[in-house]
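Biologist: Could you walk me through a couple of residues in this model? I'd like to hear the reasoning along with each answer.

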Amino acid sequence: MSRRPEGPSLPPARRAVLGGTLALAAAALAPGAAVASPRQPDRGTRAFTATDATYANDAMTSGGDPYVLFDEPSGYYYAYCTGGSDDGYYFGVHRSPDLSTWERLPGGALRADDPKQWGKDWFWAPEVYRNPDTGLYYLFYAARMGSTMAEQYFLHADFEEPCSIGVAVSRTPEGPFHNIDDRPLDYHPYKPDYHDVNLIMDADQLTPPATEEEGRTAPLGSYIPMIDANLLFDEGRIYLYFSSNAYRNWVWDTGLGKYIEESNIAAVELTTHWWRDPEGATMPTIHPRYADANARTGTADELRRDGFVPVLTYAADPQPWEDAHVNDHATSGGSKKDRRWEEGSTAWRHDYVHAGERRTLYYLTYSANNFENQYYGVGYAVADHPLGPWRKYPNNPVLSQNPDVGMYSTGHGSLTASPDGSELYYVHHGRTSPTSPDRVVYTERLRIDDHRPDAAGHPLLTIDQSTGDEPVPAGTAPFRLTARPVAVNVGGTADVACVVRSAAGAAFDLSAPENRVRAEVRPAGLASVRVEDGTVTLYGLRRGTARLTLVYQRRRADGSYRDVHQARHGGRAEAVRVTVPVVVR
């Protein structure tokens, strides 16, 4: 039986309200605050700069389970993904000035030879949180441990899929991060009332008992493996959400008349002292209320039996769209299990005004069905408190396969905001066809309509789904294109140093196909110019002084390029350009 914590709150939170609708930037946990969202609009520039720049989900960025962090010091968005790293690293790292044109960085977030590496394999679902007061970045991730450590956490060396959550720290968003400890979180969530049917199954663990009565002969109690960590900072508290993983969780489905192995979403409150540590040497710990909360009375257990709060389970809130794999054992000829998944959660706070009254709700997106399946999708739930009770939106899923736009297996994303904080975006992975083996990153506009309630009276959440041309996130502009004057010898060449920056000061990767500059020299007889792979090269033809004009372009969904225009404070729209002198010697 899990316990919900009670007692006095920690110091009140300082929340950044994005666009007057969302408290996403989390809490001020003195001395630091988790900055998960961009800064407020600079009303002198970004908030009143219009641009015709667009982006399209071009499926060019590989990665699964993307988590996006806006890094205030650099002005970049960073996306951390399952896979996509160089050899010798875990978790690919990409950065972007605009949430849409991603530049893959070399290496990865976590070195495989980290001296405190406790994980054996299955490095999944990275999420990174920055404390602006200490300047530290914390990486939460899931991995599978070896048999020796599995026995320490699950009391069974052969425990099936013994996954847990690790934490690493860095002073830069690019890493590499370093494990704080040589083991995962000291957290042992335990289900005391669960009949561990795995203990009466054969070694393949594919076929559960045929009846509920037989299943109830299994020993009571089991530890929960954990993946897909997500943090919510709220009112001075820190909450850890995680998926209990499907493994070791057979649930009797009365309607189907059989056992289904399920992953559910649960939560626990963390302490805050680790967040305040200026050295980043302290591992997060669970709040004392949860430690051994499920212990057996009058016994001394070998391992703590920690509590947790159920967040989402199929039994508590069944939705048929989550049933895509409940007959896999038969359809696969006995090679797969009958399963359900609820995982990949992201929770946040939403403040809004209704009938003149300020209100607060909590939203949580999650993924259901197998990530390899075309029917993988995203739903959401709403609660009045971070620990619930949570209720699913009855018309889930809100994001799923869409053959009309060529997007399949949509799931496991994260929430962030536009550079000026006025828009919300859901960055997730998907596939370009039902059979494609590769996951790619998509950026979708997410909307919470405070004036359009759902059946429960909650503001309605919707997610756009597009591979066409969409406006760049608000506050990306004004763009700034700069270049240095250049000198070139007759018959020689010279590269032109030029850069395009966003309003937050982040540079665009001009070697990426989504961005480029168009160049021309006047008069043409003095020099010629070529642009290739983001490099602008001048060729000297005869002596004299010319002028080089560079214009910023973005690629459209149809593959063509168009000049980018912008207008400040309602003025006339002009192309993003710069002209510099060229001396041919």
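Biologist: Which strand holds R501?
Modeller: This is a predicted model, where local features need pLDDT of at least 70, side-chain atom pairs count only at pLDDT 80 or more, and totals for chains, interfaces and linings use all residues. Residues are numbered from 1 along each chain as its sequence is written, and side-chain values use heavy atoms, with hydrogens and water left out. Strands are DSSP runs of E, at least two residues, and helices runs of H or I, at least four, numbered from the N terminus. The run covering residues 498–501 includes R501, and this is strand β38.

Biologist: Is R501 buried or partly exposed?
Modeller: Buried means under 20% relative accessible area, exposed over 50%, and partly exposed in between, with a 1.4 Å probe and protein chains only. Because its relative accessibility is 29%, R501 counts as partly exposed.

Biologist: Which backbone oxygen does the R501 side chain reach?
Modeller: Here a polar contact is a pair of N or O atoms within 3.5 Å; within protein, one must be able to donate a hydrogen and the other to accept it, and residues adjacent in sequence count only if both atoms are side-chain atoms. At 2.9 Å, the partner of the R501 side chain is the backbone oxygen of G505.

Biologist: And Y314, buried or exposed?
Modeller: Y314 sits in the loop between β24 (309–312) and α4 (328–331). Since its relative accessibility is 10%, Y314 counts as buried.

Biologist: Which side chain makes a polar contact with that of Y314?
Modeller: Contacts of Y314 (heavy atoms within 4.5 Å), leaving aside neighbours within four places in sequence, include E262, R340 and D323. The polar contact between side chains, at 3.0 Å, is with D323.
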